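Here's a quick tour of one protein model, written for someone new to reading structures. Keep the 3D view open and look for each part as it comes up.

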Amino acid sequence: MVHVGIGYDVHALVAGRRLVLGGVEIPHTHGLEGHSDADALLHAITDAVLGAVGEVDIGHLFPNTDERWRNAPSRIFVEEAARRARSRGGRIINIDATLIAERPKIYPHIQAMKEQIAGALGIPVAKVGIKATTNEQMGFVGRQEGIAAMAIAAVDLPEDPA
Ligand code: MG
């Protein structure tokens with residue numbers, strides 16, 4: 001039976017941090033603030049997979065009070081979500097996600113992001129959708145104060161025994 005999950009994340013843009021999105025470092029004047037590498041796209045995808053299989057969210061699995069996750073690559077969060085899906089007999093069917101960022105241009109990095117995400121989840125690249133949009137200069141994203149991401153995951157799970 002197909003279960004879907006949704007994920008959303010946002011991080012502030014600040015000077016003096018690397019910008020990492022979808023597991024790809026992107027040259028930019030600012031980077032995302034956070035305890036880990038603050039990869040909002042991978043965090044949204046992690047929560048989508050966790051949600052599809054009824055798990056607790058990323059903040060409970062990887063609390064930002066835990067020194068183990070300081071500056072951690074968010075790929076490990078995606079890998080753990082996929083591991084938990086598999087441990088329940090689940091098969092990730094596909095992921096779709098949207099990045100909402102005024103700058104920098106995301107499109108040139110999308111293929112590399114898809115490859116990173118597919119690798120972390122253990123699924124084919126063709127099963128990963130990533131789109132990007134601006135916020136038309138409105139709100140915190142439009143003012144380049146932060147970057148947001150949303151994601152959905154479909155996971156085929158065994159039916160519960162009656
Ligand atoms: Mg986050």
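**Briefing: a serine, a metal and a helix**

Start at Ser36, whose side chain makes a polar contact with the side chain of His43, at 3.3 Å. Keep in mind that this is a predicted model. His43 is also one of the protein donors of a magnesium ion, so that's a handy landmark to return to.

**The whole chain**

- Let's zoom out for a moment: the chain has five helices and seven strands.
- Going along the sequence, they come in the order β-β-β-β-α-α-α-β-α-β-α-β.
- Is the overall size what you'd expect from a compact globule with 162 residues? Such a globule would have a radius of gyration near 15 Å, and the chain has 15 Å, so the two agree.

Note on methods: Residues are numbered from 1 along each chain as its sequence is written. This is a predicted model: local features need pLDDT of at least 70, side-chain atom pairs count only at pLDDT 80 or more; totals for chains, interfaces and linings use all residues. Side-chain values use heavy atoms; hydrogens and water are left out. Donors are N, O and S atoms within 2.8 Å of the metal (3.2 Å for Na, K and Ca); water is not among the atoms, so sites may look incomplete. Helices (H or I, at least four residues) and strands (E, at least two) are DSSP runs, numbered from the N terminus. The radius of gyration is taken over C-alpha atoms; the globule rule is 2.2 Å times the number of residues to the power 0.38. A polar contact is a pair of N or O atoms within 3.5 Å; within protein, one must be able to donate a hydrogen and the other to accept it, and residues adjacent in sequence count only if both atoms are side-chain atoms.
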